[in-house]
Amino acid sequence: MKQLSFVPPANLQRWFWVLLAINCIFIIASKLYMQPLATAEIVRFELAKDLKVAEKIIQYWDTYGKLHHAIIGIYIDFLFIVLYTSGLSVACMYFGRLSGHEILMRTGKFITWLLIIAGICDVIENIAMLKSLQDVPTRWSVLLAYDMATTKFSMVILSALYIAICLVFRLLRKIVL
């Protein structure tokens with residue numbers, strides 16, 4: 001079968017494991033650094049959608065000394081955007097190849113482009129959240145953060161489902177062949 005990418009399979013596999021390790025280490029380190037603020041609290045703010053809800057979250061964070069952690073966490077997230085989009089893109093290309101199915105390999109390239117769009121959405125979301133946290137939150141900034149977050153999460157979930165489908169195809173090929 002004709003390979004669709006100029007990256008040799010061994011390099012793709014190596015990059016997959018390297019980026020997986022870097023992403024895992026980054027996630028663990030940032031969780032430890034961000035304490036007492038939990039990841040779920042940031043996600044709740046990303047998905048607040050309503051100005052009153054966002055204002056309550058900000059008020060809570062300010063009262064309990066978490067507001068500074070949230071701002072720092074969003075700045076840290078700019079680096080994570082590069083890491084997770086790179087990691088998932090390589091994973092999509094790698095697992096697409098492992099599937100042995102040409103359509104899935106082509107789909108992996110398409111999903112890589114979606115992940116770039118997800119990263120752009122994440123940057124816009126972070127800017128909107130920083131505006132809400134460092135300035136006065138507005139209905140527009142809260143709604144923009146929500147829209148960008150839901151778009152980003154949708155694309156990331158789609159890429160995870162794609163990887164799972166590729167794994168199923170890989171397992172089926174191993175069982176059948």
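Modeller: Let's start with a yardstick: a residue is buried when its relative accessible area is under 20%, exposed when over 50%, and partly exposed in between, with a 1.4 Å probe and protein chains only. Phe26 has 17% relative accessibility, so this residue counts as buried. Keep in mind that this is a predicted model, where local features need pLDDT of at least 70, side-chain atom pairs count only at pLDDT 80 or more, and totals for chains, interfaces and linings use all residues. Residues are numbered from 1 along each chain as its sequence is written, and side-chain values use heavy atoms, leaving out hydrogens and water.

Biologist: Got it. Which residues does UniProt list for "transmembrane region"?

Modeller: The unreviewed entry gives 12-34, 70-98, 110-133 and 153-172. UniProt positions are in the numbering used here, feature names are shortened, and annotations may be inferred rather than shown by experiment.

Biologist: And how do I set those ranges against the helices?

Modeller: Helices here are DSSP runs of H or I with at least four residues, strands are runs of E with at least two, and both are numbered from the N terminus. Residues 70-98 come out as 100% helix and 0% strand, with the end C-alpha atoms 39 Å apart. For 110-133 the figures are again 100% helix and 0% strand, with 35 Å between the end C-alpha atoms.

Biologist: Now the empty space. How should I read that?

Modeller: Rolling a probe the size of a water molecule over the atoms shows where empty space is left. In practice we lay a 1 Å grid over the protein atoms alone: a cavity is a set of points where a 1.4 Å probe fits but cannot get out, a pocket is an open set with protein on both sides within 12 Å along at least five of seven lines, and lining residues have an atom within 4 Å of a point. Points are joined across faces, edges and corners, and a volume is the space filled by probe spheres set on them.

Biologist: What volume does the largest pocket have?

Modeller: About 830 Å³. It has 32 lining residues, and the closest to the centre are Ile27, Thr39, Asp77, Phe80 and Tyr84. Helices α1 (9-34), α2 (39-46), α4 (67-99), α5 (102-134) and α6 (139-176) each supply at least two lining residues, and α1 gives the most, with 10.

Biologist: How many nonpolar, polar and charged residues are in that lining?

Modeller: There are 20 nonpolar, seven polar and five charged. Nonpolar covers Ala, Val, Leu, Ile, Met, Phe, Trp, Tyr, Cys and Pro, charged covers Asp, Glu, Lys and Arg, and the others, Gly among them, are polar.

Biologist: How many cavities of 30 Å³ or more are there?

Modeller: Two, over the whole structure. The second largest holds about 30 Å³, and its lining is made by Phe45, Ala54, Ala128, Met129, Ser132, Ser141, Val142 and Ala145. The elements giving two or more residues to that lining are α5 and α6. By class it has six nonpolar, two polar and no charged residues.

Biologist: And charge pairs?

Modeller: Side chains of opposite charge can pair when their charged atoms come close. The rule for a salt bridge is a side-chain nitrogen of Lys or Arg within 4 Å of a carboxyl oxygen of Asp or Glu. The whole structure has six. One of them joins Glu46 and Lys152, at 3.5 Å from N to O. Glu46 sits in helix α2 and Lys152 in helix α6, 106 residues apart. Both residues are buried, and a network of salt bridges links them with Asp122 and Glu125.

Biologist: How far apart are the closest N and O atoms of Glu102 and Arg106?

Modeller: 2.5 Å, in a salt bridge. Both are in helix α5, four residues apart, about one turn of the helix. Glu102 is partly exposed at 31%, and Arg106 is too, at 47%.

Biologist: Last topic: ring pairs.

Modeller: A pair of aromatic rings is described by the distance of the centres and the angle of the planes. Rings of Phe, Tyr and Trp (its six-membered ring) pair if their centres lie within 6.5 Å; planes under 30 degrees apart are stacked, over 60 edge-to-face, and the rest tilted. This rule gives nine aromatic pairs. Phe16 and Phe95 have ring centres 5.1 Å apart and planes at 90°, so they are edge-to-face. Phe16 is in helix α1 and Phe95 in helix α4, so the pair ties together parts 79 residues apart in sequence. Both are buried. For Phe26 and Phe80, the centres are 5.6 Å apart and the planes at 0°, so that pair is stacked. It links helix α1, with Phe26, to helix α4, with Phe80, 54 residues apart.
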